[in-house]
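User: Could you take me through one part of this model in detail? I would like to look at the sheet and what packs on it, with the cut-offs spelled out.

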Amino acid sequence: RICVLQGTTHDDALKAIVPPGVQLIPVAIQAQLYSNFQDETCNIIVGDQYDIAQPILQRQGYDGPYGVTNTSIAEETISMTTLSNDAVFSDYANWVVEALFT
């Protein structure tokens with residue numbers, strides 16, 4: 001049983017790759033994802049790395065066995081924006097992005 005936030009790119013990707021017989025359980029809110037993992041409604045939770053990191057789960061009350069895979073199932077575009085009235089910070093942000101992607 002796999003829990004995932006409904007309406008996310010992870011949800012869409014899982015629908016395409018989960019084999020028949022494996023139950024996909026979409027949940028509406030992040031708290032339900034954690035609750036379902038703690039009460040063993042789900043054996044697996046899927047989400048962004050930060051959302052399923054061990055310290056986050058521990059903060060939510062889970063202290064059982066835990067593992068993370070390095071498999072990525074959804075590639076999301078990352079973007080940022082800056083305020084138009086802060087030219088200095090905008091320039092800095094653009095320089096950082098250019099340095100990262102060149």
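Analyst: Happy to; here is the sheet, followed by the helices on it and a few sites elsewhere.

Please keep in mind that this is a predicted model, where local features need pLDDT of at least 70, side-chain atom pairs count only at pLDDT 80 or more, and totals for chains, interfaces and linings use all residues. Residues are numbered from 1 along each chain as its sequence is written, and side-chain values use heavy atoms, with hydrogens and water left out.

Let's start with the layout. Three strands form an open sheet in the order 2-1-3, and their pairing is parallel. Strands (E, at least two residues) and helices (H or I, at least four) are DSSP runs numbered from the N terminus, and two strands pair if DSSP finds at least two bridges between them. Strand 2 (24–27) and strand 3 (44–46) are the edge strands, each pairing on one side only. From one strand to the next, the twist averages 25°; axes here are lines fitted to C-alpha atoms, for helices over the stretch in contact, and angles run from 0 to 180 degrees between N-to-C directions.

Now for strand 1 (residues 2–5), which is joined to strand 3 by three parallel bridges. Ile-2 sits opposite Ile-44 of strand 3. Towards strand 2, strand 1 makes four bridges, again in the parallel sense. There, Ile-2 stands opposite Leu-24, and Val-4 has Pro-26 as its bridge partner.

The side chains come next. In a regular strand they alternate between the two faces of the sheet. In strand 1, Ile-2 and Val-4 point one way while Cys-3 and Leu-5 point the other way, and all are buried, where buried means under 20% relative accessible area, exposed over 50%, and partly exposed in between (1.4 Å probe, protein chains only). Strand 2 has a covered face, made by Ile-25 and Val-27, and an uncovered one, made by Leu-24 and Pro-26.

What packs on the sheet? Helix 1 (residues 9–17) touches strand 1, strand 2 and strand 3, and its direction makes about 140° with that of strand 1; contact means heavy atoms within 4.5 Å. Helix 2 (residues 30–38) also packs on the sheet and touches strand 1, strand 2 and strand 3, with its direction at about 170° to that of strand 1.

Helix 1 has a detail you may enjoy: the side chains of Lys-15 and Asp-11 meet in a salt bridge, 3.6 Å from N to O. The criterion is a side-chain nitrogen of Lys or Arg within 4 Å of a carboxyl oxygen of Asp or Glu. A search of the whole structure finds one salt bridge. Both residues lie in helix 1, four residues apart, about one turn of the helix. Lys-15 counts as exposed because its relative accessible area is 55%, whereas Asp-11 counts as buried because its value is 3%.

Finally, a stop in the loop between helix 2 and strand 3, where Glu-40 is found. Although Glu-40 is not a glycine, its phi is positive, at about 65°. Its relative accessible area is 60%, so Glu-40 is exposed.
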